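Reader: Hi! Could you walk me through this one with me?
Author: Sure, let's have a look together.
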Amino acid sequence: MKAYALLALALGTCAHAADMADIQPFGIKPGTSIDQLIKMGATPSSTPGYYRINKVPTPNSAFEFYTIKASPKQGVCRISGVGVTIKNDPPGSSTRNSFNSLKAALVSKYGSSEDFDFIDSNSIWKNSNDWMMSIKEEDRYLTSFWKPGDSKGLPEGYAIMLNASALNSTDGWVSLAYEFPNMKACTAEINLNKGDGL
């Protein structure tokens, strides 16, 4: 199961009624308009509704750039920090250290998380130097979620996912995604607009 499918599953239990000014990850307010994003330096990606921005109002040194999901009416509904590449790390030690450092900071702010840290019993990537490869092949997961009801201080309608990923057998990164209460409406609007011009 892909990490983002796990996040969708976690969000399925969340209500979507909160003051969207409660949390501003990386200094980006939920509902920020696309025009404002463009003024900040965001550029559209090839995927409808997604934007990339290299500099945010409140950056974190663990991340190289940021991806944002937004629709014309709903504005920003999701933001993700994409971690710097951690090179030459086949056993995943440095990648796990980065993950655990970010997790500790999130736990201190939002409380305990729901964690997935396991490898498929049928995986061939079980040796100590296969950790990164097992992540790349999606035989192994290192993911934590925060959602209302499980976490202190996280308003209804929000969810957070921290996830370890791999580029190849040696290089990895960690991503941190925040989804906002307008996520469902934002996604519906983007999907509806995909038919424009046909």
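Reader: Which residue forms a salt bridge with Lys103?
Author: That's Asp115, and the closest N and O atoms of the two are 3.0 Å apart. Keep in mind that this is a predicted model.
Reader: Cool! Where do Lys103 and Asp115 lie?
Author: Lys103 is in helix α3 (residues 93–110) and Asp115 is in strand β5 (residues 114–119), so the salt bridge ties together parts that are 12 residues apart in sequence.
Reader: And is Asp115 buried or partly exposed?
Author: Asp115 is partly exposed, because its relative accessible area is 40% and that falls between the 20% and 50% cut-offs.
Reader: How many salt bridges does the structure hold?
Author: There are 5. One of them joins the side chains of Glu179 and Arg78, at 3.1 Å from N to O. This pair links distant parts of the chain, with Glu179 in strand β8 (residues 172–179) and Arg78 in strand β4 (residues 75–83), 101 residues apart.
Reader: Are Glu179 and Arg78 buried or exposed?
Author: Both Glu179 and Arg78 are buried.
Reader: New topic: where is Thr32?
Author: Thr32 sits in the loop between α1 (3–11) and α2 (34–40). With a relative accessible area of 8%, Thr32 is buried.
Reader: What does Thr32 touch, leaving out residues up to four places away in sequence?
Author: Leu37, Met40, Gly75 and Val76.
Reader: And what lies 2.6 Å from a polar atom of the Thr32 side chain?
Author: The backbone oxygen of Lys29 does.

How values were computed: Residues numbered from 1 in each chain as written. Predicted model: local features only at pLDDT ≥ 70, side-chain atom pairs only at ≥ 80, totals over all residues. Heavy atoms only, no water. Helix = DSSP H or I, 4+ residues; strand = E, 2+ residues; numbered from the N terminus. Buried < 20%, exposed > 50% of the residue type's maximum accessible area, 1.4 Å probe, protein only. Polar contact = N/O pair within 3.5 Å; in protein donor to acceptor, adjacent residues only side chain to side chain. Contact = heavy atoms within 4.5 Å. Salt bridge = Lys/Arg side-chain N within 4 Å of Asp/Glu carboxyl O.
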